[in-house]
Amino acid sequence: MSLFRLDASITPATSQSRALADLVEAEWSAEHPDSIVTRRDLGTTPLPATTWRDIITSSGLDEDALSPDQREARALAATLADELINADALLLAVPLYNWGVAAHVKSWYDITYTDPRINGGALKGKPAVLVTVLGGNYNPGTPKEGWDHSTPWLRRVIEEVWGADLLVVQRQFTLVGVNPALDQFTDQAAEIKVAAEQLAAEHGRALAAKRQASAA
Ligand SMILES: Cc1cc2nc3c(=O)[nH]c(=O)nc-3n(C[C@H](O)[C@H](O)[C@H](O)COP(=O)(O)O)c2cc1C
């Protein structure tokens, strides 16, 4: 059994997305103690910004016509795709930055999507958990309702483009306690945190069980 884990926080020491993903992973590992966990940390080790361009511009070229950069870019895409395809389950932990899909996550997605196996349906039905954390609150009626352009996009590509079997854990208001302007939301944020932690554990168990069910 194997789990692929993606982290994308640029501040891992205080990361709430990592903390939630740790809860998911703990449940997975409790059920599958011998499982391999393959890790890719885009926050601490971003992918080169030129990789995607080098792959796209190499389209249609024979191997011997590739520049060294293009060759390297194609090899990296294959490695990233292998990490997803070879795993029995996926765990992706992605914070909201500047109201959109973080550039380093989009870059990773774009590169993997150049691999014909990924855009050809190799991830169809793969069990996955997406953890998203948001500093603010985007619920209906809040001033920033509709401004989270990360979670809906991630859902769409994971569920509809990859066809993965997705569960989502979202925690809002992680900046409460960090940004004093949000102090009035302390109690609400504490409740949200507890609920997200419970859901992370629940989804971790579900992820482990799904693999068991489909492997049986
Ligand atoms: C550069 C930067 C941009 C951010 N942009 C947003 C944002 O647009 N909306 C939001 O709700 N929170 C925003 N945040 C807050 C993060 O989403 C929040 O701190 C989250 O918990 C970070 O993930 P982590 O705890 O896993 O590191 C931003 C944080 C940073 C550092």
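**Sheet, core and ligand shell of the predicted model**

Aspartate 7 stands opposite alanine 93 in strand S3. The structure described here is a predicted model. The pair belongs to the contact between strand S1 (residues 2-7) and S3, which run parallel and are joined by five bridges. Alanine 93 also has contacts beyond its neighbours within four places in sequence: these are Leu6, Asp7, Ala8, Ser17, Arg18, Leu20, Ala21 and Val131.

S1 and S3 are part of an open sheet of five strands, arranged in the order S2-S1-S3-S4-S5 with parallel pairing. Strand S2 (36-41) and strand S5 (165-171) are the edge strands, and each of them pairs on one side only. From one strand to the next, the twist averages 15 degrees. In general, the strands of a sheet pair through backbone hydrogen bonds, in either a parallel or an antiparallel arrangement.

On the other side of the order given above, S3 is followed by S4. These two strands pair in the parallel sense over six bridges. Leucine 91 stands opposite valine 129 in S4, and leucine 92 stands opposite leucine 130 in S4.

Both S3 and S4 were examined for burial. In S3, seven of its seven residues are buried, and the strand is mostly covered. One side of S3 carries Ala89, Leu91, Ala93 and Pro95, while the other carries Leu90, Leu92 and Val94; all of these are buried, and both faces are covered. S4 is largely enclosed by the rest of the structure, because seven of its seven residues are buried. Its two faces are both covered, with Pro127, Val129, Val131 and Val133 buried on one side and Ala128, Leu130 and Thr132 buried on the other.

Residues of the sheet also enter the nonpolar core. The largest nonpolar core has 50 residues, and those with the most contacts inside it are Leu20, Val24, Leu90, Leu91, Leu92, Ala93 and Val131. Strand S3 (residues 89-95) gives the most to this core, contributing six residues. In soluble globular proteins, nonpolar side chains tend to be buried together.

Helix H1 lies across S1, S2, S3, strand S4 (127-133) and S5. Relative to S3, H1 runs at about 165 degrees. Helix H1 (residues 16-31) also provides the largest share of the shell around the ligand, namely three residues. This shell has 17 residues, of which Ser9, Ser17, Pro95, Gly135 and Thr174 come nearest to the ligand. Sorted by class, seven residues of the shell are nonpolar, nine are polar and one is charged.

Arginine 39 was considered separately. This residue is placed in strand S2, which is one of the edge strands. Arginine 39 counts as partly exposed because 13 C-beta neighbours lie inside 10 Å, whereas a buried residue needs 20 or more. Arginine 39 and arginine 205 lie 166 residues apart in sequence, and their C-alpha to C-alpha distance is 19 Å.

Conventions. Residues numbered from 1 in each chain as written. Predicted model: local features only at pLDDT ≥ 70, side-chain atom pairs only at ≥ 80, totals over all residues. Core = buried A, V, L, I, M, F, W, Y, C linked by C-beta atoms within 7 Å. Buried ≥ 20, exposed ≤ 12 C-beta atoms within 10 Å, placed from the backbone. Helix = DSSP H or I, 4+ residues; strand = E, 2+ residues; numbered from the N terminus. Contact = placed C-beta atoms within 7 Å. Near = placed C-beta within 6 Å. Nonpolar A, V, L, I, M, F, W, Y, C, P; charged D, E, K, R; others polar. Pairing = 2+ DSSP bridges. Axes fitted to C-alpha atoms, helices over the stretch in contact; angles between N-to-C directions.
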